[in-house]
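Dear colleague,

I am passing on to you the structure we spoke about, with the sequence alongside. Please look through it first, and then read my notes below.

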Amino acid sequence: MIMDCEKYVGKCVCGKEHTLETKLVVVESGAIANFEKYMAEVGLADKKRAVVYDSVIYKLTEGKHVKADQEIVLEAQGLRAEDVIIEDMMAKMDKDIEVIVAYGAGTIMDFGRYPAFKLGIPFVAIPTLASSDGFTANICSAILNGQKKSTAMCAPVLVVTDLDIIKGAPARLVASGINDILSKYISVVDWKISKIVADEYFCPMVCDLAEEALVIMREAADKYAATGVADHEAMTMAQMKSGLTMQLLNHSRAASGAEHLMAHLVEMHPPRFEGAEGIHGECVGVGTFACVKKYHELASKGTPRAKAFEPLTDEWITEKFGEKLAAGIIRENSADVLGTFDSDRIVEHWDEIKELIDAIPSAEEMETLYKGCGCKYLPEHVGIRPELAEEMLTISAAIRNRLTLVRMMRVLDFE
């Protein structure tokens, strides 16, 4: 299957002119054999290229490597997307490299995306699994200046996904990919609520694309839970469509809401969460399930009363995040989005908000699906103590100054 990216480009009903760096997305069996043909189609066949792998993927894909002027194989053990590590790799690159090919999973993509952005050259992605939706995104989710950040950089011009490779992914990573797309149940609702109460920019076309990805993945997940057979093509296409929403918006709003902040919380290891550990989709699954339960709980209550906005105090932030992380979190919340609109608007539109929440599957339905797919979805599944389940939503909401229903709870009183 080849995705027609051009249909999303141009003047939109939202009033913006959408663009995409990604010209071609290929998801098919044997795609690697045609890699040079696809490179030619996007005008990159004759460019001097560096191909980046990690040591595990390099060995696993032996016999399916692509032509390279320079091969860079990074030690997989302990590898993480961090500016100092990526820049160390960049220092070892040939100076006349014209295109970077990232061959691997999510972390390796940032070892293509970051240097391509810094050097102003194209980037090509060869995913080896579909465990997250970052492959067609222009968002670099890396540790920058010591803090985990999602930063707009560049997207791949070409994405070539060989289903024969994808099919070899372990069940844990298949489940992680399912989790990452099912999270759109929350991220899309958070975005719609923010449009209603704070008049945040909203694009119906991009929202439809995110929901299309969700529908594709939900159908594939239901089939997987019932039969144990993974529809890798459908699952991968769902990931690719979700990733395109980030390019079209130049941020992750459609794909990432309150639920995604759980992944950042786990990676940052603030006090009391030091033992947390899990791959991206697993942590997102925990965040999604926590939000599903909380949102339905809020909708079951009466209409709340609005409370006056009070900024997070430096003392609260330092207590929850520790001295090492506090400065960055304080900066992130210095212009708190909660202070930019009247919280009475949430109350005024509570019936509309409840309708949106009612469309989210119940916690019981989600739990059955998660279990059927072998997904992680409870705090203890990623090393978070169960007694922190309630507080982890409040703490994670402070990591990013983005309007979500979890963040709005600070200005609502349900008593």
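**Strand E11 and its surroundings**

Both faces of strand E11 are covered, since Leu 158, Val 160 and Asp 162 on one side are buried, as are Val 159 and Thr 161 on the other. Please keep in mind while reading that this is a predicted model. In a regular strand the side chains alternate between the two faces of the sheet, and it is in that light that I would read the two sets of residues. The strand covers residues 158-162, and 5 of its 5 residues are buried, so E11 is largely enclosed by the rest of the structure.

Which strands pair with E11? On one hand there is strand E4, residues 24-28, which pairs with E11 in the parallel sense over 5 bridges, and here Leu 24 stands opposite Leu 158. On the other hand there is strand E8, residues 123-127, which also runs parallel to E11 but is joined to it over 2 bridges, with Val 124 standing opposite Leu 158. Leu 158 of E11 therefore has Leu 24 opposite it in one pairing and Val 124 opposite it in the other, as the definition of pairing by bridges allows.

Val 160, which has its place in strand E11, is a useful residue to select in the viewer. Its relative accessibility is 0%, so Val 160 counts as buried. Leaving aside neighbours within four places in sequence, Val 160 is in contact with Val 26, Ala 31, Phe 35, Tyr 38, Ala 125, Ile 126 and Pro 127. The C-alpha atoms of Val 160 and Ile 32 are separated by 7.2 Å, although the two residues are 128 residues apart along the chain.

**The sheet and strand E8**

These strands belong to an open sheet of 7 strands, whose order is E1-E4-E11-E8-E7-E5-E6 and whose pairing is mixed. At its edges are strand E1 (2-3) and strand E6 (70-74), each of which pairs on one side only. Strands of a sheet pair through backbone hydrogen bonds, either parallel or antiparallel.

Strand E8 can be described in much the way E11 was: 5 of the 5 residues of E8 are buried, so this strand is largely enclosed by the rest of the structure. Phe 123, Ala 125 and Pro 127 lie on one side of E8 and Val 124 and Ile 126 on the other, and both faces are covered. Strand E7, residues 99-104, pairs with E8 in the parallel sense over 5 bridges, and in that pairing Val 101 has Val 124 as its bridge partner.

**Two residues outside the strands**

Tyr 185 has its place in helix H7, which covers residues 184-198. Is Tyr 185 buried or exposed? With a relative accessible area of 14%, Tyr 185 is buried, because buried means under 20%. Setting aside neighbours within four places in sequence, Tyr 185 is in contact with Leu 214, Arg 218, Ile 360, Pro 361 and Met 366. Tyr 185 and Glu 259 are 74 residues apart in sequence, and their C-alpha atoms are 9.6 Å apart in space.

Ser 343, by contrast, is found in the loop between helix H12 (314-332) and helix H13 (344-348). Ser 343 is nevertheless buried, with a relative accessible area of 9%, and, not counting residues up to four places away in sequence, Ser 343 touches Ala 306, Lys 307 and Val 411.

**The protein as a whole**

The secondary structure comes to 17 helices and 13 strands. With 415 residues, a compact globule would have a radius of gyration near 22 Å, and the 21 Å of this protein agrees with that. Along its principal axes the C-alpha trace spans about 65 × 45 × 45 Å, and of the 415 residues 56% count as buried. Among the contacts between residues at least 6 apart in sequence, 75% join residues at least 24 apart.

As for the surface, the protein exposes about 16700 Å², of which carbon and sulfur atoms supply 50%. There are 45 positive and 64 negative side chains, and the centres of these two sets lie 1 Å apart.

With kind regards

Terms used: Residues are numbered from 1 along each chain as its sequence is written. This is a predicted model: local features need pLDDT of at least 70, side-chain atom pairs count only at pLDDT 80 or more; totals for chains, interfaces and linings use all residues. Side-chain values use heavy atoms; hydrogens and water are left out. Buried means under 20% relative accessible area, exposed over 50%, partly exposed in between (1.4 Å probe, protein chains only). Helices (H or I, at least four residues) and strands (E, at least two) are DSSP runs, numbered from the N terminus. The radius of gyration is taken over C-alpha atoms; the globule rule is 2.2 Å times the number of residues to the power 0.38. Contact means heavy atoms within 4.5 Å. Accessible areas come from the Shrake-Rupley method with a 1.4 Å probe; for residues, only the protein chains shown count as cover. Lys and Arg count as positive and Asp and Glu as negative; His and the chain ends are not counted. The place of a charge is taken as NZ of Lys, CZ of Arg, CG of Asp or CD of Glu.
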